[in-house]
Each structure stands twice: as structure tokens, then as C-alpha cells.
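User: Please take a close look at the interior of this protein, and in particular at the way its nonpolar core is put together. I would like one connected account that starts from the whole chain and then moves inward.

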Amino acid sequence: MFFSRKVITEDELVDLHGKVAIVTGGNTGIGYATIEFLARRGARVYMGSRNQGRAQKAIEEIEAKLQKSGNDNQASIHWLQLDLSDPRSVKEAATEFIAKEERLDILVNNASHSSFGPYKLNQDGLLDIMVVNHISHFVLTETLLPLLRHTATLEDSDVRIVNVSSTAHTHAATESFAAKENLNKQFGDSVTGYLATYGHSKLANILHIKNLQTRLKAQYSPITCLAVHPGAVMTVGASGFLNSVPFFGWLLKVFLGPLFFTSWTQGAMTSAFAAAGKEVAETRKSKDEVERRKYEGGYLVPVANISEPSTYAKDERLQRELYETTMEVLTEMGIAFK
Ligand SMILES: NC(=O)c1ccc[n+]([C@@H]2O[C@H](COP(=O)([O-])OP(=O)(O)OC[C@H]3O[C@@H](n4cnc5c(N)ncnc54)[C@H](OP(=O)(O)O)[C@@H]3O)[C@@H](O)[C@H]2O)c1
């Protein structure tokens, strides 16, 4: 039977007392609201953000909202300094995290470079949007993987890794990820070209999560990996994109924005479900193998429904190539993994 959810409430999330989470880009938008969901369920949450002032302000706001609403889960939200434009510093941040925390139950790779260009090559010859959206999140995930895998062996654990992608991944036709040039692929200097280049990085988010799920399964690690499209959400990022549309961008924003774009909270529901949904936890315990695997490597669209990503996203060759090429590029940069 076809069933489509309209909403996810905090009651549909598991109890997260004693659990630890990281959400990147949590100082605003969908990441901010995802942190609020996880904190409401009692998790200790790290807000991965590059700017201390913006992070502290957001943490104080979320804590005040929780208090005002009578939430007595004693939210514990902390700043994790994270600049995703610099994969080497991401490696350091993740290594320091492992030294201080004994577990990590939830990793939500949410932060994103803006979806409008022009995009630039950095000092390592890599496209800035691909560095922020894919390469640095890959470094963060792979560095934290030993801790995530360890947590998955603990009693009552239910470890989840979530990559926040976008339906824009369908704009990127990408035949190969076999070489560094493929990571840097651009689709032209127009609004649609910029959107497709952003989509290319969001395709990488899905390819990465699917490849990761395959690798973890081969290692018998019971971690659930999911990719998410959050919907059209009126955030700083979405607003910036609409402003970049020549002539009528502001018209779209003012008149169509309220019709087609949802709130931060609505936008975070699918991520929160992927990170902590009770239904995901229940299916993992099912005796039926198909049901048990329902969410493994899955792609969720609003609100919290399993969907099919593009043919490219499902291509196992592309998943493997992206993994191997990203590893090669990182080795060239002196970044290695255990
Ligand atoms: N909004 C939508 O309609 C929509 C639709 C589809 C998919 N998505 C996806 O949903 C996720 C969240 O989107 P959003 O609209 O909430 O984003 P947003 O409002 O643009 O916020 C982006 C977040 O990423 C952070 N960030 C950017 N560059 C960074 C860097 N170099 N290092 C560390 N953090 C960095 C930003 O930090 P600063 O505050 O420091 O800039 C901010 O916290 C993204 O992955 C996006 O692709 C959004």
C-alpha cells in the first residue's frame, strides 16, 4: 500500500539519552533544526561549524527554545570547530573528537557550499564545492569510522550515518568518477549550470553513502547509512540561490517562496528520521530479511519516505570509482586512514 508521511514528530524518534551525535553545518537552516530534534530526545550533540560566534549563538537559541517548551531532557549541545573547505583541518578535528569521546551514534553530514557559482579550484586543484560537500565529509566520516564501528558493537546501539543530499543530484549526468578531473566537473556558468555542478556534488553524497553501506556490510558492521533529500526549505542557502536567478529571482522568493518552500523544522524531519527514527530501529530487528534491509543505503525524500535516486546514484561502478578516486586524491594530499 502506498503511504506518504506528512510530518515527523519528536515522539517518532528513539530515546537518545547517553547517545552522541555530530551534525555538520548545524548553526543555521536544516542542520540547526536537526540538532533541535536530536537534543529534544536527549542526545549530546556536536554542532560542526566553522564560526564560533555563529555556533554559540545558535546553541544558546536552541537551548532556550528547549527550555521554553518545557523539554526536560537537559540538552547538551557543543561546538565542534569544523571548516569543511580545508580537509586537512577536518582530519585534525575528527582525530581530536575521537580522543575525547568514547562513542559516536549519529553522524549527519549536512553542511553545504552555496548552490550558486562561480566555483573555484583551491590550492590542491580541487573544486571548492566538491571539497566542502563531498571530500571533507568523506574525510570526516572515514576518520570517525573506527569510533562509529566501535559504538555499533555496544549494547543497545543503533548507529546511523546520514548524508544530506538533494534532488538536484538528478541534474548531474556523470559517466565517470575514475579521475580527479571527474571530481572537478562543472556544467557551465549559468544558473542551471551552477545548479548541475551543485547536483554533481550531491550525487557524490549518495554514491559515497551507498558505497559506505556496502563496505560496512562486508565487514558485518550493523551501521545504517542513509542519504536524504530534505525538500525545498527556505534557508540562507535557498534564499541565496533564488537571489542569484537573474531578473525574477526575487519574485520567486517573495511570491512563490511561501508556497513551495517549507520551514527549517519541516526540512529537518527527514534527516531526523534517518538519524533517529523509531521505524528504522524497528525494521532493523525484523525477522524478515527484506524488511530488515529496508533502510540500508536508502534514499529518503520528504517526509521520511524511501525513494529511488537517479540511475547514476545507483551505479555501483560509479560508487566504487568515487571511493577510489577520493582516496587517491587524499593520499596525494597526505591524508591517510587507518
Ligand atoms: N534548503 C533547501 O531547499 C535544500 C534543498 C535540497 C538539499 N538541501 C541540502 O540540505 C543541507 C542543508 O541545507 P541548508 O539550506 O540548511 O543550508 P544553508 O542554510 O546554506 O546552511 C549551510 C550550512 O553549511 C555550513 N557551511 C558552509 N560551508 C562550510 C564550511 N566550509 N565549513 C563548515 N560549514 C560550512 C554553513 O555555515 P556558515 O553559517 O558558517 O556559512 C551553514 O551552517 C545541505 O546539504 C543542502 O545541500 C537543502
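Analyst:
**The nonpolar core and its surroundings**

The protein exposes about 15300 Å², of which carbon and sulfur atoms supply 54%. These values, like everything that follows, are computed from a predicted model.

Before turning to the interior, the overall frame should be set out. The C-alpha atoms fill a box of roughly 50 × 45 × 45 Å along the principal axes, and the radius of gyration is 19 Å, which agrees with the value near 20 Å that a compact globule of 338 residues would have. Within this frame the protein has 13 helices and eight strands, and 56% of its 338 residues count as buried. Among the contacts that join residues at least 6 apart in sequence, 78% link residues at least 24 apart. As for charge, there are 36 positive and 38 negative side chains, and the centres of these two sets lie 2 Å apart.

In soluble globular proteins, nonpolar side chains tend to be buried together. Here the largest nonpolar core has 56 residues, and those with the most contacts inside it are Phe97, Leu144, Leu148 and Ile161. Several elements each supply at least two residues of this core, namely strand 1 (20-24), helix 3 (87-100), helix 4 (128-152), helix 6 (191-218), strand 6 (224-228), strand 7 (298-301) and helix 13. The largest share, 13 residues, comes from helix 4. Apart from this core lies another one, of 42 residues, which includes Phe37, Ala58, Leu66 and Val164.

Phenylalanine 97 offers a way into the larger set. Once its neighbours within four places in sequence are left aside, phenylalanine 97 is in contact with Val20, Ile22, Tyr46, Leu80, Arg103, Leu104, Leu144 and Leu147. Leu144 is thus a partner of phenylalanine 97 and is also listed with it among the residues with the most contacts inside the core.

Helix 4 also holds serine 136, which counts as buried because its relative accessibility is 0%. Serine 136 touches Leu84, Asp86, Pro87, Val90 and Val131, when residues up to four places away in sequence are not counted.

Helix 13, spanning residues 316-332, contains leucine 322, and this leucine counts as buried because its relative accessibility is 1%, under the 20% cut-off for burial. Residues up to four places away in sequence set aside, leucine 322 touches His134, Phe177, Leu183, Ala204, Leu207 and His208. The C-alpha atoms of leucine 322 and isoleucine 106, which are 216 residues apart along the chain, are separated by 23 Å.

Helix 6, another contributor to the core, also contains lysine 217. With a relative accessible area of 32%, lysine 217 is partly exposed, and its contacts, leaving aside neighbours within four places in sequence, are with Arg293 and Glu296. In the pair with glutamate 296, the two residues are 79 apart in sequence, yet their C-alpha atoms are 9.3 Å apart in space. Beyond helix 6, in the loop leading to strand 6, is tyrosine 220, whose phi is near 60°, a positive value in a residue other than glycine. Tyrosine 220 counts as exposed because its relative accessibility is 76%, and exposure requires over 50%.

The loop between strand 7 and strand 8 (305-307) brings two backbone features together. Valine 303 has its place in this loop, and the peptide bond that reaches it from proline 302 is cis, with omega near -20°. Alanine 304 has its place in the loop between strand 7 and strand 8 as well, and it has a positive phi of about 60° although it is not a glycine. At 1% relative accessibility, alanine 304 counts as buried, whereas tyrosine 220, with its own positive phi, counts as exposed.

A further cis peptide bond runs from glycine 117 to proline 118, with omega near 0°. Proline 118 lies in the loop between strand 4 (106-109) and helix 4, the helix that supplies the largest share of the core.

Notes. Residues are numbered from 1 along each chain as its sequence is written. This is a predicted model: local features need pLDDT of at least 70, side-chain atom pairs count only at pLDDT 80 or more; totals for chains, interfaces and linings use all residues. Side-chain values use heavy atoms; hydrogens and water are left out. Helices (H or I, at least four residues) and strands (E, at least two) are DSSP runs, numbered from the N terminus. The radius of gyration is taken over C-alpha atoms; the globule rule is 2.2 Å times the number of residues to the power 0.38. Buried means under 20% relative accessible area, exposed over 50%, partly exposed in between (1.4 Å probe, protein chains only). Contact means heavy atoms within 4.5 Å. Accessible areas come from the Shrake-Rupley method with a 1.4 Å probe; for residues, only the protein chains shown count as cover. Lys and Arg count as positive and Asp and Glu as negative; His and the chain ends are not counted. The place of a charge is taken as NZ of Lys, CZ of Arg, CG of Asp or CD of Glu. A nonpolar core is a set of buried Ala, Val, Leu, Ile, Met, Phe, Trp, Tyr and Cys residues joined through side-chain atoms within 4.5 Å.
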